[in-house]
Each structure stands twice: as C-alpha cells, then as structure tokens.
Amino acid sequence: MPHLVLIGLAAILLWSLISHRFERWGVAGPIGLVLLGAVTVIWDVDSFGTAIDSPISEKIVEVILAILLFADATEVKGGIFGREGRVIARLVLIALPLSIVLTVATGMLLIPDTGLLVLLVVACVILPIDFAPAASLLRNRRLPARLRQILNVESGYNDGLISPVFGMSLALAVIWSTIVRTPESDITDDALEGPAIQFMDAFINAVPSTVIAVVIGIVLGTGIGYLVRIARARLIADALGARYVMLILPLIAYGVASIPIFNANGFVAAFVAGIGYRLTRTRGHRSEGIDRSELLLVEEVGALAANFVWFVLGGAMLLVITSGIDWWMLLFAVLALTLLRVVPVYLSLMGSSVGRRDRLLIGALGPRGTASIVFGLLAYNALPEDEGVAVLTIMVATVVGSILLHGLAAPLLVNRRKVGEEIT
C-alpha cells in the first residue's frame with residue numbers, strides 16, 4: 001500500500017506541472033487524472049481496494065470534503081442564495097428533494113432487493129452536481145451570464161445541502177444492514193438489542209446533530225468572519241493572513257463538530273461556516289463577494305484535493321470493473337444523469353422567470369464530480385462489502401458517464417445556441 005501512495009503522489013506531482021496545458025479543454029483534467037489513477041493501481045488492484053477501505057482513508061476523504069464544501073459556500077456572490085435567490089431556492093429546496101425521491105423510487109424498481117436506506121445513500125451519492133468535469137461550460141459565452149450564474153450557485157449549494165441527508169442515511173443503512181445480516185440462528189433479543197438501540201439512537205439524533213452542526217458553523221463562521229473584516233479594515237491583518245484563516249476555518253468547524261460531546265455532522269458545520277464567513281466578511285459589499293486575494297489559498301488547496309479525488313476515481317474504476325458491472329447499474333447512471341435531474345428541475349422552475357428551453361438546459365447541465373466521488377468512497381468504506389461495492393459501482397458509472405456527457409457532448413449542444421441569447 002505505501003508504494004501505491006508514493007506512486008500516486010508522484011503522478012499527481014507530474015500532472016500538476018503540465019495540467020495548465022490542458023485547461024482550455026476543461027474535461028482533459030479529470031480524464032487525465034482518472035487515467036493516471038487507473039494506470040497506477042492496475043498492477044495491484046486488491047491493495048488499492050484495501051487502502052480506500054480503511055479508517056485513515058475515510059478521515060482523509062472527510063477532510064477533503066469539508067474543505068471543498070467550505071470553498072463552495074464562500075465563493076458564492078450576493079446573499080444566502082446569491083443573486084438569483086428565488087431560482088436557486090426552487091432548485092435546491094424543490095428540485096433536489098424531488099430528485100432524491102425519484103431516484104429512490106427508480107432504485108426500488110431496478111433493484112427491489114436493495115434496502116430503502118441504501119437506495120437513499122445511492123441517491124445522495126449520484127445527485128450532487130459539480131462542474132469540475134465540465135468547467136468550460138461556466139466559461140462558455142454562448143451561455144447567458146444569468147444561466148451560468150444559476151448553475152454556478154446551484155453547484156455550490158447542492159452538495160452542501162445533501163450532505164446531512166447522506167450522513168444520516170449512511171449511518172442508518174450501516175446499522176440496519178447489521179440487523180438484517182444477523183443469521184436466523186443467532187437472532188435473539190440480546191443479539192439484536194445493541195444494533196436496534198443504535199439504529200433508534202441514530203434516527204432520533206439525526207435532526208439534533210444537524211442543528212448542532214448548523215449552530216457550530218454559524219458561530220465559527222460569523223465570528224471569525226467578523227474578526228477578519230475588522231482586522232482587515234484596521235490594517236491589522238493582510239490578505240495572506242486572511243488566506244490562512246480561510247484554510248484553517250473549515251478544519252476547525254469539522255473538528256469541533258466531530259467532538260464526542262457534540263457528535264454533529266462535520267460536513268454541515270464546514271459548509272455553514274463558509275456561508276456565515278462569507279456573509280459577515282463581505283457585509284456591505286456582498287454583491288462583490290470575498291476578494292480574490294483571500295480566496296486563493298483555499299481554492300488552490302481545494303483544487304489539489306480535487307485532483308487527488310479524481311486520481312482515486314481511476315483506481316475505483318478498475319476496482320469495480322474487476323468486481324463486475326450489472327446492466328442495471330449502467331441504466332441507473334444514465335437515468336441519474338438525465339431524467340432524474342431534468343424532470344425535477346423543469347417542474348421546480350415552472351412559473352419562474354426561467355424560460356421553457358432554459359429549464360431543460362439547466363436540467364441537462366448537471367455534471368457529477370468530486371462530491372459524488374467522495375460520498376461514494378465514504379459509502380464504500382462504511383457499508384458491508386456487497387452493498388458498498390454496488391454503491392461504488394453506481395458512483396463510478398455516473399461520474400464517468402458525466403465526463404462523457406457533460407464534458408464532451410454538452411459543450412457541443414451549448415455551442416449551438418446563439419451568442420448573447422438570454423433567459424426569457
């Protein structure tokens with residue numbers, strides 16, 4: 001396992017040196033890293049599977065997600081939902097829950113033997129959108145500026161709002177699997193009492209733990225954001241100090257939430273801390289957002305962490321290929337990238353200022369990336385082997401399919417629009 005880590009780091013190092021040559025193609029970055037990951041682990045796929053199914057890998061992935069969620073929350077300009085509050089609210093408060101429901105229902109039809117909680121985990125894994133595999137879309141001037149803003153803000157909030165649902169469903173799915181997998185010969189009141197109590201505790205504490213995480217995020221984010229604003233205004237701190245603060249804050253928020261006395265959702269705490277920090281730090285000029293000089297470090301660390309995640313996806317792709325891919329997994333991925341997003345988005349935006357054609361376009365432009373990969377790795381780590389492999393396989397199929405659909409095909413569709421065409 002150590003040799004895989006060293007080879008992986010060397011591969012990412014070399015890629016970092018030449019990646020700028022491929023930035024104009026957008027999708028080349030994720031594709032290159034996925035291929036590097038696959039080539040690196042091809043000689044020892046079993047060791048790779050063991051490596052990502054370990055407690056230390058779980059913590060590394062969790063820290064990466066905390067940083068990415070914080071970065072997403074701080075980069076939004078404007079109020080809580082950016083400059084398109086009503087549209088974004090419809091997308092994340094109506095379309096996203098509807099997508100989850102439709103995904104779970106689809107899973108019950110395709111794989112009826114899979115538990116409801118595992119299907120909920122699958123939905124949380126394959127629904128968050130991320131423009132890493134299709135970054136060029138957000139720079140494409142053939143897309144109206146308003147539409148690009150909507151997609152950008154939605155992608156920042158989508159994975160942050162779905163993370164508490166993912167955390168709750170994964171915890172419940174793990175405990176429920178323990179109960180279900182108990183052999184009939186071992187079923188006694190004493191044998192089931194422990195897991196049953198754990199299940200009820202996890203279910204009952206799901207909402208309080210999320211509320212506590214929100215409170216932690218608000219206190220830390222707004223408090224530190226206020227201190228930075230005052231320190232910068234009085235020239236006590238410079239941009240470099242603010243950059244360090246923005247990198248350390250999500251780690252503190254995640255760490256505080258994870259303290260046993262709180263036992264809260266660290267992802268939610270990091271995400272809310274980002275929102276609180278942004279709103280407090282930019283008070284009076286929220287439309288401009290946080291100055292680029294202060295965002296630079298957390299963006300760069302987030303980009304490096306995302307490179308690592310894409311690299312790991314390459315190894316995961318080989319792992320699931322060797323395990324076998326059923327047809328329903330591929331069908332599930334295709335539906336996730338199309339109908340399971342397009343239909344809820346279209347319905348949620350009916351009656352809004354977004355025209356019919358652009359409702360379809362927003363629904364179609366929903367690439368999957370780092371959040372899906374991280375959630376999938378966490379599920380693979382936590383769930384029993386069969387269920388973990390199934391979730392990992394669906395995740396890989398969805399993200400790789402997204403690279404092909406949104407990274408290669410979607411730009412061709414967008415380029416057919418008339419330059420300057422606006423949302424009606």
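A residue counts as buried when its relative accessible area is under 20%, and this cut-off is worth keeping in mind for the tour that follows, which moves through a predicted model.

Begin with the whole protein chain in a cartoon view, where 16 helices and zero strands are to be found. Buried residues make up 54% of the 424 residues, while the accessible surface comes to about 19300 Å², with 66% of that surface belonging to carbon and sulfur atoms. If contacts are drawn between residues at least 6 apart in sequence, 83% of them join residues at least 24 apart.

Next, select residues 266-281, which form helix H10. This helix has 16 residues and reaches 22 Å from its first C-alpha to its last, close to the 22 Å expected at 1.5 Å a residue. How many of the residues of H10 are buried? The count is 16 of 16, and the helix is accordingly described as mostly covered. At its N-terminal end, add Asn265, which caps H10 with a side-chain oxygen lying 2.9 Å from the backbone nitrogen of Phe267.

Stay with H10 and show the side chain of Tyr277 together with that of Phe70, one of the four aromatic pairs that the structure holds. Their ring centres are 6.3 Å apart and their planes stand at 55°, so the pair is tilted. Phe70 belongs to helix H4 (residues 55-74) and Tyr277 to helix H10, so that the pair links parts of the chain 207 residues apart. Is Tyr277 buried or exposed? Tyr277 counts as buried because its relative accessibility is 0%, and Phe70, also at 0%, counts as buried too.

A second pair can be selected from the same helix, namely Phe271 of H10 with Tyr157 of helix H7 (residues 145-180). Here the ring centres are 5.6 Å apart and the planes are at 90°, so the pair is edge-to-face. The two residues are 114 apart in sequence, so the pair ties together separate parts of the chain, and both Tyr157 and Phe271 are buried.

From Tyr277, move to Leu249, which lies in helix H9 (residues 239-258). Leu249 counts as buried because its relative accessibility is 1%. Leaving out residues up to four places away in sequence, Leu249 touches Phe70, Leu220, Gly221, Ile224, Ala273 and Tyr277, and therefore both members of the tilted pair appear among its contacts. With Leu220, which is 29 residues away along the chain, Leu249 has a C-alpha separation of 7.8 Å.

Now follow the chain out of H10 to Thr282, in the loop between H10 and helix H11 (292-323). Thr282 counts as buried because its relative accessibility is 1%. The side chain of Thr282 reaches the backbone oxygen of Arg278 at 2.5 Å, and, residues up to four places away in sequence again left aside, Thr282 touches Gly289 and Ile290.

For the last stop, select Leu91, Phe166, Phe332 and Ile362, which touch the most other members of the largest nonpolar core, a set of 96 residues. Around Ile362, leaving aside its neighbours within four places in sequence, the contacts include Leu91, Leu147, Ile150 and Leu151, and also Glu154 and Arg341. Apart from this core lies another, of 21 residues, and among them are Ala213, Ala257, Ala264 and Ile290, the last of which was met above as a contact of Thr282.

Notes. Residues are numbered from 1 along each chain as its sequence is written. This is a predicted model: local features need pLDDT of at least 70, side-chain atom pairs count only at pLDDT 80 or more; totals for chains, interfaces and linings use all residues. Side-chain values use heavy atoms; hydrogens and water are left out. Helices (H or I, at least four residues) and strands (E, at least two) are DSSP runs, numbered from the N terminus. Buried means under 20% relative accessible area, exposed over 50%, partly exposed in between (1.4 Å probe, protein chains only). Contact means heavy atoms within 4.5 Å. Accessible areas come from the Shrake-Rupley method with a 1.4 Å probe; for residues, only the protein chains shown count as cover. The expected span of a helix is 1.5 Å times one less than its number of residues. A polar contact is a pair of N or O atoms within 3.5 Å; within protein, one must be able to donate a hydrogen and the other to accept it, and residues adjacent in sequence count only if both atoms are side-chain atoms. A nonpolar core is a set of buried Ala, Val, Leu, Ile, Met, Phe, Trp, Tyr and Cys residues joined through side-chain atoms within 4.5 Å. Rings of Phe, Tyr and Trp (its six-membered ring) pair if their centres lie within 6.5 Å; planes under 30 degrees apart count as stacked, over 60 as edge-to-face and the rest as tilted.
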